[in-house]
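User: I am new to this structure and would like a close look at the enclosed space inside it and what surrounds that space. Could you walk me through it, with some background on the rest of the fold?

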Amino acid sequence: MSFFPRTKPINSFFSHFCEHAHVFNPIQVSLLLNIDLSSYSLVPSTMRLSVGFLSLIALAVTAQDTNVRTVKRTFDAANIPTDLSITFDPTALLEVTFPEPNARPITIHAGQQLPRDSTAGPPTFNLRGSNSRGPFVVAAVDPDAPTPQEPTSAQIRHFLGGNFTPNGSGLLSNSTPALSEFRQPTPPAGSDAHRYIFLVFEQPDGFNDQTVVTPATPVQNFDISAFAGAVGLGNPIAGTFMLVAPAA
């Protein structure tokens, strides 16, 4: 995986382990262990990882997405607030869970990479740590289409729906059809992994009357920041994201 341009190499095992564990990636590990990856790329080198270091990684995994500060740092490390032109200071945690036909469902952690085959969905959404009873608006966008280097079609709107309310455990359900039903990630062959970003907003009065986006609106060249401003969503209160590369 080569998601961000770097100038120095880092251990290939580290990259491989992060890519295929389906739990975390180098961005997450660097944040949790305070490793500076700003001058590294995910290519082979002669650096060795000790057993103790790998044990620290295992401990770090269990700490993911338990507080909003870690999620915010992961968003910042992936340059998401800048690329989406949003202010991201979450006050709650968003859990996005994908059903799997022959395995246990996968609840993504911020910055986790998933194989495309695991993202057919549609996902479920769970909001933790919010005192609000909603309603909420949930959006999902891809800012890297068709490629992160030339995102000329971005953003792609992968989901947009309103009137979400939580049950007693925080599971969100919507009482009206989505404006844009969930679209499975489909990064084109040859592209680097794309970021697929899920955001939750407090739903303002009058949202159901907005016509900025309708089910007939093209999903390409969407702008979540402009949409939020136009319909009065304000800043997102929660979010998470995953990386998905083209199918092998």
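Analyst: Let's start with a term: a residue is buried when its relative accessible area is under 20%, exposed when over 50%, and partly exposed in between, using a 1.4 Å probe and the protein chains only. By that measure, 46% of the 248 residues of the protein count as buried. Please keep in mind that this is a predicted model, where local features need pLDDT of at least 70, side-chain atom pairs count only at pLDDT 80 or more, and totals for chains, interfaces and linings use all residues. Residues are numbered from 1 along each chain as its sequence is written, and side-chain values use heavy atoms, with hydrogens and water left out.

The protein has six helices and 11 strands; these are DSSP runs numbered from the N terminus, with helices (H or I) of at least four residues and strands (E) of at least two.

Now to the enclosed space. Rolling a probe the size of a water molecule over the atoms shows where empty space is left. Here a cavity is a set of points on a 1 Å grid over the protein atoms alone where a 1.4 Å probe fits but cannot get out, and its lining residues have an atom within 4 Å of a point. Points are joined across faces, edges and corners, and the volume is the space filled by probe spheres set on them. The count comes to one cavity of 30 Å³ or more, and the largest cavity holds about 30 Å³ of space.

Around the largest cavity you will find Ala 140, His 158, Phe 182, Arg 183, Pro 185, Tyr 196, Phe 198 and Met 242. This lining divides into six nonpolar residues, one polar and one charged. In this scheme Ala, Val, Leu, Ile, Met, Phe, Trp, Tyr, Cys and Pro are nonpolar, Asp, Glu, Lys and Arg are charged, and the others, Gly among them, are polar.

One lining residue, His 158, deserves a closer look. His 158 sits in strand S8, which covers residues 156–166. With a relative accessible area of 7%, His 158 is buried. Contact means heavy atoms within 4.5 Å; leaving aside neighbours within four places in sequence, the contacts of His 158 include Ala 140, Phe 182, Arg 183, Pro 185 and Tyr 196. Val 141, Asp 142, Glu 181 and Gln 184 are also among the contacts of His 158.

Just before S8 there is a detail worth finding: a cis peptide bond joins Ala 154 and Gln 155, with omega about -5°. Gln 155 lies in the loop between strand S7 (136–142) and S8. Gly 121 and Pro 122 are also joined by a cis peptide bond, with omega about 0°. Most peptide bonds are trans, and most residues other than glycine have a negative phi.

Pro 122 belongs to the loop between strand S5 (112–114) and S6, and S6 leads us to a sheet. Strands S4, S3 and S6 form an open sheet in the order S4-S3-S6, with antiparallel pairing; two strands pair if DSSP finds at least two bridges between them. Strand S3 (residues 93–98) is joined to S6 by five bridges, with Glu 95 opposite Asn 126 and Val 96 opposite Phe 125. Two bridges join S3 to S4, where Thr 97 has Thr 107 as its bridge partner. Because five of its six residues are buried, S3 is largely enclosed by the rest of the structure.

How values were computed. On a 1 Å grid over the protein atoms alone, a cavity is a set of points where a 1.4 Å probe fits but cannot get out, and a pocket is an open set with protein on both sides within 12 Å along at least five of seven lines; lining residues have an atom within 4 Å of a point.
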